Amino acid sequence: MPRQSGFKLDAMSMPKLLQLRERIQAALASKRAELQRQIDELSTLDTGATGNRVGTRGRPSRVSARSRRGNGRAHPLKGRSVAPKYRDPENPSQTWAGRGRAPRWLAAYEQQGRKRDEFLIGATQAAATKGRRRKRA
């Protein structure tokens, strides 16, 4: 059962209704200002390891909807950079970490029939030691 208010709006005169509306708008404005002050205060605080800050609408401002998990938080490893695994031999400044879609330069080499393993960074060292164990004397 809804709570009955002490006001009988139908019986109130027009000036009383306008005065009530002004009081309600003033109360809402003060509440809104208080909430905005609290949001601004919270936005200056760091929320932890993810580095997210609370935005002006109460949502984490640096986390996209895609990166959120079921509990609304971002994965702790989200945004971390990974060391590159592949390097273009013709332009060593072009590298790829092996995540996501392959870059154009690597796709072009693969179109020419070359293997992705040729472009691994440190491939000669890794291939020589991979799978081999030293025997103890």
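Buried means under 20% relative accessible area and exposed means over 50%, with partly exposed in between (1.4 Å probe, protein chains only). By that yardstick Arg-114, at 32% relative accessibility, counts as partly exposed.

A word on where this comes from. This is a predicted model, in which local features need pLDDT of at least 70 and side-chain atom pairs count only at pLDDT 80 or more, while totals for chains, interfaces and linings use all residues. Residues are numbered from 1 along each chain as its sequence is written, and side-chain values use heavy atoms, leaving out hydrogens and water.

## Charged pairs

Side chains of opposite charge can pair when their charged atoms come close. Here a salt bridge is a side-chain nitrogen of Lys or Arg within 4 Å of a carboxyl oxygen of Asp or Glu. How many salt bridges does a search of the whole structure find? It turns up four, and the table shows some of them.

| Salt bridge | N to O distance | Relative accessibility |
|---|---|---|
| Arg-37 and Glu-41 | 3.0 Å | Arg-37 41%, Glu-41 48% |
| Arg-116 and Glu-110 | 2.8 Å | Arg-116 30%, Glu-110 30% |
| Arg-114 and Glu-118 | 3.0 Å | Arg-114 32%, Glu-118 44% |

Let's take Arg-37 and Glu-41. They sit four residues apart in helix α1 (residues 14–43), so about one helical turn separates them. Helices, by the way, are DSSP runs of H or I with at least four residues, strands are runs of E with at least two, and both are numbered from the N terminus. Arg-37 is partly exposed, and Glu-41 is partly exposed too. Glu-34 joins in as well: a network of salt bridges links Glu-34, Arg-37 and Glu-41.

Further along the chain, Arg-116 is partly exposed, as is Glu-110, its salt-bridge partner. Glu-118, which meets Arg-114 in a salt bridge, also falls in the partly exposed range.

## The nonpolar core

A nonpolar core is a set of buried Ala, Val, Leu, Ile, Met, Phe, Trp, Tyr and Cys residues joined through side-chain atoms within 4.5 Å. Which residues make up the largest nonpolar core? There are six in all: Tyr-86, Trp-96, Trp-105, Leu-106, Tyr-109 and Phe-119. Helix α2 (residues 104–111) gives the most to this core, with three residues.

Leu-106 has some company. Setting aside residues up to four places away in sequence, Leu-106 touches Trp-96, Arg-116 and Phe-119, where contact means heavy atoms within 4.5 Å. Arg-116 is thus a neighbour of Leu-106 and also a salt-bridge partner of Glu-110.

## Rings that pair up

A pair of aromatic rings is described by the distance of the centres and the angle of the planes. Rings of Phe, Tyr and Trp (its six-membered ring) pair if their centres lie within 6.5 Å, and planes under 30 degrees apart count as stacked, over 60 as edge-to-face and the rest as tilted.

The structure holds four aromatic pairs. One of them is Trp-105 with Tyr-109, an edge-to-face pair at 6.4 Å centre to centre with 75° between the planes. Both residues lie in helix α2, four residues apart, about one turn of the helix, and both are buried.

Tyr-109 also pairs with Phe-119, this time stacked, at 4.7 Å centre to centre and 25° between the planes. This pair links distant parts of the chain, 10 residues apart: Tyr-109 is in helix α2 and Phe-119 in the loop between α2 and α3 (123–129). Tyr-109 has a relative accessibility of 6%, so it counts as buried, and Phe-119 is buried at 2%. Ring pairs join Trp-105, Tyr-109 and Phe-119 into a cluster.
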